[in-house]
Amino acid sequence: MSYEQKPKVFSPEETQAALGRIRDSGVLGSKSRIQKLLGYLVQMEIDGQGEKLKAYTIATEALGRGSDFDPGTDSIVRVEVNRLRQALEHYYNTQGAQESLRINIPKGSYRPRLHAFGIRPPGSAAKPGPAAAPEPVASTALDEASGDAPGHAAQPRTGFRSSHWFAALTAFATLAAVILVTLLLKPGLDPGAPTGPIVLDRTHQLDRNAITVAVLPFRSLSDSARATQLSGGMAKELRSSLSRNQALSLITNIPFNEGTSTEDLRALGRGGQVAYFVTGSVQELSGSLRVAVELLDGTSGEVIWARTYPEDSQKVEAFRDSFVMAVSSDLRPQLYSASKRAISAKDLDDLSAWELYLMATWAPGEALSTLEWEKERIELARRAVTLRPRFGQARAVLADKLAYLAAVDPPSNSDAALKEARLHAQTAHELAPSDADVLFNLAIHYWHTGKIGQATRSMARVLELDPNHVLARILVKTFPYTCSAPPDEVLQAAIAYDAALASDNPVRWVTLTWVSMLHLNRSELDLALAAEQRTHQIFQTPDTVLRMAALLNGLDRAADARDLIAAQRRNWPNIDPGHFAEVTMPRRCHEAADAERTLQLYRDLARDAGSG
């Protein structure tokens with residue numbers, strides 16, 4: 001696509017009409033703050049006052065904050081504008097795919113940009129030039145269904161081929177009411193099934209808004225016995241692995257064969273039957289197998305995530321096992337994050353208990369590290385419990401969040417808050433003793449409150465229920481060394497586990513911070529600081545900031561430590577190295593026999609950095 005040199009100028013009437021279509025689509029919710037926010041931002045731009053759109057103005061004029069609003073301590077503007085960006089992206093990838101007028105809010109700015117579809121908005125990067133041809137890898141099932149030739153590189157893409165959009169959307173405009181029934185009545189899609197509409201079976205009959213996933217049969221793209229052997233049964237094994245996660249509802253009877261088209265699959269997504277598709281294929285190149293996997297949005301067909309897994313064992317069965325484990329670990333955070341992005345575009349008042357619970361959970365990349373954001377997660381979980389009092393998952397999140405704030409925010413460290421956390425933990429365990437997600441959050445709760453042995457046992461139970469749980473597999477090994485020097489084999493296992501994760505796997509924030517903690521407990525301060533610095537490139541919390549500050553202070557860089565803590569007060573106004581040294585770390589370390597060196601590092605920080 002070539003870009004025009006001069007952007008098209010839209011009239012106020014055209015802009016307001018486009019705003020109306022966005023509102024009518026429902027992506028902003030029926031009475032949401034982001035609906036009001038979008039109207040305000042666009043009207044300011046229409047009135048020629050876009051340069052006045054600053055955090056204070058938006059908060060006081062559009063979001064109901066008073067004149068005492070402080071953007072340094074209140075992140076509401078950043079949170080709501082981010083929600084609005086996600087809602088607009090979702091709209092233009094689905095119902096608004098043919099809109100000629102696009103509204104864009106560039107990151108780092110609150111000022112909207114109105115531009116024609118296909119024309120680069122002001123301030124955006126130019127379209128990159130053609131890249132060098134990559135090494136051929138296996139194409140996926142939906143590539144073939146869309147007409148792509150086997151053997152082309154499987155690369156992450158923004159959606160289905162642009163040349164197919166017009167025909168696809170035209171077909172949907174006229175056939176949307178009948179295509180799903182046509183698909184399910186189509187002879188040959190499921191040769192053993194009776195004639196008539198098919199009700200899709202799920203592994204877990206959850207809340208109507210739970211994450212519904214269909215894993216399609218993997219295809220062999222090589223005339224190779226090894227590729228055929230590996231692809232056979234791959235979807236079934238991956239489905240079985242993912243179904244151990246109670247938050248995922250796997251479709252077990254998806255109608256699919258060689259005649260199933262991309263349009264058939266998207267019809268299922270648009271019909272609300274499938275939220276996400278997982279597609280895959282196997283190819284043998286120069287005697288080595290590769291598996292290409294893509295995660296697709298069920299409604300739009302957009303490729304959310306893609307990765308190629310090279311063969312790591314000459315034995316097909318061993319490679320199959322390692323692949324299933326790796327892709328299950330990679331898919332879990334991607335599915336959670338994609339689901340939260342979709343939910344964030346809805347009106348808060350319209351969310352179900354399950355959606356509120358999911359929004360309350362932590363996911364790097366989707367989270368903000370601010371006191372206000374964390375308190376909002378607590379309120380979301382409380383609202384979920386109000387809607388569904390016997391909802392163990394939401395109670396487990398509350399137990400985790402309340403204990404976390406007690407550790408990092410001194411005013412939150414009250415007897416009442418800790419008692420509430422204990423009660424939610426007890427109730428959650430009674431309500432859902434075999435739910436891996438519940439037990440995982442409870443393990444984190446126990447860890448924050450210093451019950452390291454109980455936390456380790458709970459994490460071991462998580463692994464029994466979900467052997468491919470990406471974090472439980474490493475935390476069960478590292479928890480016992482929260483404040484103790486680990487043996488070489490534990491440290492090396494943590495380093496190797498982190499290195500084996502995909503570079504874009506968001507849980508690396510957790511694995512890297514544990515590598516830092518283990519080095520710190522061995523008094524290897526330089527190595528600990530190097531790992532913590534990598535952690536901060538992904539995400540920061542008061543916990544990681546104070547650990548890095550303690551390391552800097554221990555390396556005779558007290559001024560850098562003080563600057564780091566001072567900078568964090570913008571988001572965590574009560575951050576206090578004294579509280580961490582006198583309350584949090586002694587609470588976590590009381591079961592450890594050799595924690596003195598670690599505790600002293602934090603006491604030194606409190607002495608040298610102070611509480612101001």
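The following is a short exchange about a predicted model of one protein chain.

Biologist: What should be known about numbering and confidence in this predicted model?
Modeller: Residues are numbered from 1 along each chain as its sequence is written, and side-chain values use heavy atoms, leaving out hydrogens and water. In this predicted model, totals for chains, interfaces and linings use all residues, side-chain atom pairs count only at pLDDT 80 or more, and local features need pLDDT of at least 70.

Biologist: How many helices and strands are in the protein chain?
Modeller: Both are DSSP runs numbered from the N terminus, helices being H or I of at least four residues and strands E of at least two. By that count the protein chain has 24 helices and eight strands.

Biologist: What percentage of the residues of the protein chain count as buried?
Modeller: Buried means under 20% relative accessible area, exposed over 50%, and partly exposed in between, with a 1.4 Å probe and protein chains only. Of the 612 residues, the buried share is 56%.

Biologist: Which helix gives the most to the largest nonpolar core?
Modeller: A nonpolar core is a set of buried Ala, Val, Leu, Ile, Met, Phe, Trp, Tyr and Cys residues joined through side-chain atoms within 4.5 Å. The largest one has 85 residues, and Ile211, Phe218, Val291, Val293 and Phe323 touch the most other members. With 10 residues, the helix that gives the most to this core is H10 (residues 316-344).

Biologist: Which residues are in contact with Val291, leaving aside neighbours within four places in sequence?
Modeller: Contact means heavy atoms within 4.5 Å. For Val291 the contacts are Leu230, Met234, Ser281, Val282, Arg307, Thr308, Tyr309, Phe319, Phe218 and Phe323.

Biologist: Where do the two cysteines of the disulfide lie, and how many residues apart are the parts in sequence?
Modeller: A disulfide is a pair of cysteine sulfur atoms within 2.5 Å, and the whole structure holds one. It joins Cys483 to Cys589, with S to S at 1.9 Å, and both cysteines are buried. Cys483 is in the loop between helix H17 (472-478) and helix H18 (488-500) while Cys589 is in helix H23 (residues 577-589), so the parts tied together are separated in sequence by 106 residues.

Biologist: Is the link of Cys483 and Cys589 left-handed or right-handed?
Modeller: The angle about the S-S bond is -70°. The link is left-handed.

Biologist: Why is helix H2 described as largely enclosed by the rest of the structure?
Modeller: Helix H2 covers residues 33-46, and its buried residues include Ile34, Leu37, Leu38 and Leu41. Their cover includes helix H1 (12-25), helix H3 (55-61), helix H4 (76-93), strand E1 (101-104) and H10. H2 is largely enclosed because its buried residues number 10 of the 14.

Biologist: What is the orientation of H13 to H23?
Modeller: Axes are lines fitted to C-alpha atoms, for helices over the stretch in contact, and angles run from 0 to 180 degrees between N-to-C directions. The axes of helix H13 (residues 392-408) and H23 come within 8 Å and cross at roughly 140°. Angles under 35 degrees count as roughly parallel, over 145 as roughly antiparallel, 65 to 115 as roughly perpendicular and the rest as oblique. H13 is therefore oblique to H23.

Biologist: Is Ala502 buried or exposed?
Modeller: Ala502 lies in the loop between H18 and helix H19 (508-521). Not counting residues up to four places away in sequence, Ala502 touches Arg307, Asp330 and Arg508. Because its relative accessibility is 6%, Ala502 counts as buried.

Notes: Expected span 1.5 Å × (residues − 1).
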